[in-house]
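Please explain how the chains of this structure meet one another. The account should proceed step by step and suit a reader in the first year of study.

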4 protein chains.
Amino acid sequence: MKVKTTIKVRGYHLDMYGHVNNARYLEFLEEGRWQWFEKVGAFENVVKEGLGFSVVNINIDYRRPAFQGEALEIQTELISTGNKSAVIHQLVLLEGSDKVVADANVTFVIVSLKTGRPVELTQKLLDDFGLKVDG
Amino acid sequence: MKVKTTIKVRGYHLDMYGHVNNARYLEFLEEGRWQWFEKVGAFENVVKEGLGFSVVNINIDYRRPAFQGEALEIQTELISTGNKSAVIHQLVLLEGSDKVVADANVTFVIVSLKTGRPVELTQKLLDDFGLKVDG
Amino acid sequence: MKVKTTIKVRGYHLDMYGHVNNARYLEFLEEGRWQWFEKVGAFENVVKEGLGFSVVNINIDYRRPAFQGEALEIQTELISTGNKSAVIHQLVLLEGSDKVVADANVTFVIVSLKTGRPVELTQKLLDDFGLKVDG
Amino acid sequence: MKVKTTIKVRGYHLDMYGHVNNARYLEFLEEGRWQWFEKVGAFENVVKEGLGFSVVNINIDYRRPAFQGEALEIQTELISTGNKSAVIHQLVLLEGSDKVVADANVTFVIVSLKTGRPVELTQKLLDDFGLKVDG
């Protein structure tokens, strides 16, 4: 499932160059993942089980600056799952176009909040949390 | 006791106008209060007692924009204590000058982390936490 | 005109106490003012005239902590205009309730981007920019 | 040249899990790069030439959560230069230890501020801007 989030670029998102600061994109991506979590229903279930999502890597390409007043569309999608970690791909487009502003792979693990250690991503766990790669 | 904190203005602090964004000053002020807490020794003692600081009002004047590369000096000082709340004054100067960039009064209460309710600021509590107004 | 903005509280808005950090509210308020600007049509016209909005004071009361997953409604309204400055009132409610999370008065001036100096808020200028207090 | 920057973790750096939020690290890294620019002397010279630094990729590993009160040491170093882009490596350590909190490769180009296009990283340009990889 691909979830779309719209964010309008405001003055407080910009930096000295008049475009969205590179750190701010990570908040835009996190907003996208929260909306994805809500759609997938994963977050509440993960918390209920005493687990939490933990980001272990973000690899982000900045392709085109974004300016005040532009609307950005963030597309968030689970693209792969492994034994211990899974990868969400996030694409930031200029809304209503195919112009890519940024895109990122976000690798996460699911940790036990008690031990702080990652748990194995068994098929049952992935099913329970709706973590399904389209294919 | 007046505690001085220096922060150098960087590109990521600015907004579309090329000067420090108004929200960012509140992080600068919070940094100043953390350094004040460390000097006063209040924070650890407050936590030990199951209490926490909670800001209830910030009244900030923005007097002069600050630009990339400028060094700001934040002066943080407790200026009054009441029955339930106390006030910290914070002055943001262009370092090495008397040019005022911003100044703020920050009113806080001390809350019980168990109940979430403010506690009375008795003289004993103020003494224990080093919350002393210079006179 | 009162403009309403909804923001959902996310993990990245919180601080060590698990509630929205006091600096973050100023970004929420700025988001509210941008949406108000858009409705009023003021921003583009102000820029066209070589002018800009500049915040000179924010006085914010923090009344109730806001937590992850809560939806906040920000109500933004011009409440008074003077010779040199004007005041916007912003109310942050727990959406769908009358519980006040925060409220603030934001005083601004309109500056000439050429000189950096505030201009007089003549009736013509207020009319041109749609800066009208409801009565 | 490796430049070291110290940042103390404060309450406003944390998120819902009580550790430094992943977006905030990008501000820590940017702070490290500003201090590196200052040491290398690159920034002012680049601006004088009508050029600017532009980040095109950040690849960051989050290895260990950082908590309120911990001091982080950010080590910033240019590690490679190519025809069009160069790479800065940034290591975030728990200060006074060899515990790695995060580490990142930051790939940047130098753009003409007039055209917005990257310029070729000639040896003369690298020499002029002090962009030298230790060998």
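Two residues are in contact if their C-beta atoms, placed from the backbone, lie within 7 Å. The structure to which this rule is applied here is a predicted model.

We begin with chains A and D. By the rule just stated, 15 residues of chain A are in contact with 15 residues of chain D. On the side of chain A that touches chain D, the elements that give two or more residues are helix H1 (22-40) and strand S2 (51-62) of chain A. Of these contributions, that of S2(A) is the most, with 9 residues. Sorted by class, this side of chain A holds 8 nonpolar, 4 polar and 3 charged residues.

The strand S2(A) also pairs across the contact. Its partner is strand S2 (residues 51-62) of chain D; the two strands run antiparallel and are joined by 5 bridges. One residue may serve as an illustration: Asn59(A) has Asn59(D) as its bridge partner in S2(D).

How are the two copies placed with respect to each other? Chain A is superposed on chain D by a rotation of 180° with 0.0 Å of shift along its axis, and the RMSD is 0.0 Å. The two copies are therefore related as by a two-fold rotation axis. In chain A, the C-alpha nearest this axis belongs to Asn59(A), and it lies 2.1 Å from the axis. Asn59(A) is thus a useful residue to find in the view, since its bridge partner in S2(D) is Asn59(D).

The surfaces used by the two copies can also be compared. Of the interface residues of chain A, 100% are also interface residues in chain D, so the copies meet through the same surface.

We turn next to chains B and C. Here the contact takes 15 residues from chain B and 15 residues from chain C. Helix H1 (22-40) and strand S2 (51-62) of chain B are the elements that give two or more residues to the side of chain B that touches chain C. The most come from S2(B), which gives 9 residues to this side. The residues on this side of chain B divide into 8 nonpolar, 4 polar and 3 charged.

Strand pairing is found at this contact as well. S2(B) and strand S2 (residues 51-62) of chain C run antiparallel, and 5 bridges join them. Among the residues involved, Ile58(B) has Ile60(C) as its bridge partner in S2(C).

How values were computed: Residues are numbered from 1 along each chain as its sequence is written. Chains are lettered from A and ligands numbered from 1 in the order in which they are written. This is a predicted model: local features need pLDDT of at least 70, side-chain atom pairs count only at pLDDT 80 or more; totals for chains, interfaces and linings use all residues. Helices (H or I, at least four residues) and strands (E, at least two) are DSSP runs, numbered from the N terminus. Ala, Val, Leu, Ile, Met, Phe, Trp, Tyr, Cys and Pro count as nonpolar, Asp, Glu, Lys and Arg as charged, and the others, Gly among them, as polar. Two strands pair if DSSP finds at least two bridges between them. Copies are superposed by least squares on the C-alpha atoms of residues with pLDDT of at least 70 in both.
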